[in-house]
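The following exercises are to be worked with the sequence and the 3D structure at hand. Each task is followed by a stepwise solution.

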Amino acid sequence: MAQPSYRVVRSKRKTVCLRVREDGTLEVLAPLHTSQAAVGRLVKQHAAWIDEKRRKALKRRAARRKIILSPGGRMRYLGEWYPVTEGRPGASLSFDGHRFALPLLPQDGAQTLMEGWMKEQAKVLLTKKADGWAAKMGVSYRRLRVGSAVCRWGSCSGKGNLNFSFRVLMLPPHLIDYIVVHELCHLRQMNHQAAFWRLVEEQLPDYAKRRRELAEQSQAIDFIHWETEEEGGDPDEQNGKHQGEASESLPHSQ
Ligand SMILES: [Zn+2]
């Protein structure tokens with residue numbers, strides 16, 4: 001087993017204490033005079049325990065961040081979490097800026113309804129953003145489409161068509177802007193070489209920070225799976241399954 005990475009916090013305490021925080025990181029609370037080597041030995045000795053605690057912490061966090069499309073559940077929209085409540089019988093999905101109301105439906109019904117709503121919203125918002133940025137950058141695209149891709153946020157084809165996943169709507173607006181600008185820059189540079197990143201930087205000087213944040217969010221939020229019930233399987237397993245793809249910032253087809 002690899003030596004876990006950790007942070008040592010020293011204080012006037014008498015004993016050494018290992019603490020796995022809720023984000024899965026390890027903290028070693030140590031007395032002022034305990035040597036670094038002694039701390040290292042202790043961590044190594046307890047590697048299995050740490051690993052187990054870390055796995056549980058990450059699992060709990062993943063479960064908390066899961067989208068649940070049934071009354072009492074929650075939905076992520078534009079980077080915020082909103083409660084899901086029961087809508088009036090016969091009514092369609094509604095969102096009043098504070099909560100989503102969904103009619104009671106069988107499992108996949110709720111998901112289909114939400115996907116349809118998200119696609120409509122995504123089309124409107126992404127078109128507005130793409131038009132705004134394209135005008136500013138002096139580029140033009142041919143067509144903008146919103147699909148259901150799970151392993152990429154957006155792509156740009158050689159013909160100048162933009163494709164986005166409706167799932168971008170789960171991200172905060174400044175990351176949606178990054179995704180849009182990224183794809184528009186591919187109209188000029190169909191690669192990820194230095195010239196491409198210079199174009200992105202011209203529009204978004206803090207693009208590197210946004211790019212990192214997007215990679216983090218792709219891993220941290222369960223943007224791939226959504227559940228209609230609490231018991232949606234093992235979040236560990238689900239995260240593992242797509243982690244490689246989800247952690248890519250913006251792979252694209254072209
Ligand atoms: Zn790209």
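**Exercise 1. The span of helix 4**

Compare the expected span of helix 4 (residues 173-185) with the distance between its end C-alpha atoms.

Solution. The model is a predicted one. Helix 4 has 13 residues, and at 1.5 Å a residue these should span 18 Å. The end C-alpha atoms of helix 4 are 18 Å apart, which agrees with the expectation.

**Exercise 2. The surroundings of helix 4**

Determine how many residues of helix 4 are buried, and which core they may join.

Solution. A residue is buried if 20 or more other C-beta atoms lie within 10 Å of its own. In helix 4, 10 of the 13 residues are buried, among them Leu175, Ile176, Tyr178 and His182.

Next, consider the largest nonpolar core, which has 35 residues. Leu69, Ala122, Leu126, Phe164, Val168, Ile179 and Val180 touch the most other members. Contributors of at least two residues each include helix 3 (107-137), strand 9 (143-147) and helix 4. The largest share, 8 residues, comes from helix 4.

Finally, take Val180 alone: leaving aside residues up to four places away in sequence, Val180 touches Leu126, Lys129, Ala130 and Trp133.

**Exercise 3. Strand 1**

Is strand 1 (residues 6-11) largely covered or in the open, and with which strand does strand 1 pair in the parallel sense over 6 bridges?

Solution. Of the 6 residues of strand 1, the number buried is 0, so strand 1 lies largely in the open. The parallel partner over 6 bridges is strand 3 (residues 26-31). Within this pairing, Val9 stands opposite Leu29 of strand 3.

Notes
Residues are numbered from 1 along each chain as its sequence is written. This is a predicted model: local features need pLDDT of at least 70, side-chain atom pairs count only at pLDDT 80 or more; totals for chains, interfaces and linings use all residues. Helices (H or I, at least four residues) and strands (E, at least two) are DSSP runs, numbered from the N terminus. The expected span of a helix is 1.5 Å times one less than its number of residues. A residue is buried if 20 or more other C-beta atoms lie within 10 Å of its own, exposed if 12 or fewer, and partly exposed in between; C-beta atoms are placed from the backbone. A nonpolar core is a set of buried Ala, Val, Leu, Ile, Met, Phe, Trp, Tyr and Cys residues joined through C-beta atoms within 7 Å. Two residues are in contact if their C-beta atoms, placed from the backbone, lie within 7 Å. Two strands pair if DSSP finds at least two bridges between them.
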